Amino acid sequence: EVSQSNSSLKKHRSRSIFSPFFCCFRNYNDYRVEPPPPNNKTLSLPPPPQENGSPPKPPAKFLLPEVNIADYGKNCVVIDLDETLVHSSFKPIGNADFIVPVEIDGTVHQVYVLKRPHVDEFLQKMGELFECVLFTASLAKYADPVADLLDQWGVFRTRLFRESCVFHRGNYVKDLSRLGRELERVIIVDNSPASYIFHPENAVPVQSWFDDMTDTELLDLIPLLEGLSKEEDVYSQLQSLRNR
């Protein structure tokens, strides 16, 4: 069973030349997506960390706005998009939940999006418990319309895309210190450890999802996240989770 799922994983990973468009950890050169220049004056954020490096110091201007009054006192959950909540492909998928037109280099392509099982229930519950942030290393012109269709309840208070990541050792990293929230009250739910390499102690890891309609990962995570939503310091509970 394991070898079968591994070969399935490889098949999914290799089947689309468009995968760099949404996935943050593949070859970006296909679409001439360059890492952000180290001293881009248009960004009010510090330069990416050096290769030897620890994360940069917190920026003068944070990625998140002031906390919405409805979320005051809640912990913040940062949720990834691709392979965490949905799987997208440029190849037609017969049972796609959404088909999103995306323009690349002057040509419109149809993106076929599958929702992970139980994603609706998961998002609604997260919206009740947390200040929710969508943080994806995908490009906004793909991820924003997908989020419009996925999040019918306005769960995500803020959406952050590739330009909000730090380009570090070939990966787009989600630097939680840039959010503007107390780190002991921030959780990141993501299928890629490279995404949270600066803050692994804040992570709730998720298995990558492609098309298994019997998957219950999101449903199974709800009790854990309910518990974390009540913690004023999430580190000890997440530490015990890692030690299991």
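Which side chain is joined to that of Asp80 by a polar contact of 3.0 Å? In this predicted model, the partner turns out to be Lys174, with its side chain 3.0 Å from that of Asp80 in a polar contact.

Asp80 is worth a closer look. The UniProt annotation "active site", which comes from an unreviewed entry, covers this residue along with Asp82. On the chain, Asp80 sits in the loop that links β1 (76-79) to β2 (86-89), and Asp82 is found in the loop between β1 and β2 too. Asp80 has a relative accessibility of just 5%, so it counts as buried. Asp82 comes out at 7%, and since buried means under 20%, this residue is buried as well.

What does Asp80 touch, once residues up to four places away in sequence are set aside? The list runs to Leu85, Leu134, Phe135, Thr136, Lys174, Val189, Asp190 and Asn191. Lys174, the polar partner from the opening, is thus among the contacts of Asp80.

Now for the cysteines. A disulfide is a covalent bond between the sulfur atoms of two cysteines. How many disulfides does a search of the whole structure find? The count is zero. For Cys76, the closest cysteine sulfur belongs to Cys132 and lies 7.9 Å away, which is too far for a bond, because a disulfide needs the two sulfur atoms within 2.5 Å. Seen from the other end, Cys132 is in no disulfide either, and its nearest cysteine sulfur is that of Cys76. Both cysteines are tucked out of reach of the probe to the point of counting as buried: Cys76 has a relative accessible area of 2%, and Cys132 has 0%.

Key:
Residues are numbered from 1 along each chain as its sequence is written. This is a predicted model: local features need pLDDT of at least 70, side-chain atom pairs count only at pLDDT 80 or more; totals for chains, interfaces and linings use all residues. Side-chain values use heavy atoms; hydrogens and water are left out. UniProt positions are given in the numbering used here, feature names are shortened, and annotations may be inferred rather than shown by experiment. Helices (H or I, at least four residues) and strands (E, at least two) are DSSP runs, numbered from the N terminus. Buried means under 20% relative accessible area, exposed over 50%, partly exposed in between (1.4 Å probe, protein chains only). Contact means heavy atoms within 4.5 Å. A polar contact is a pair of N or O atoms within 3.5 Å; within protein, one must be able to donate a hydrogen and the other to accept it, and residues adjacent in sequence count only if both atoms are side-chain atoms.
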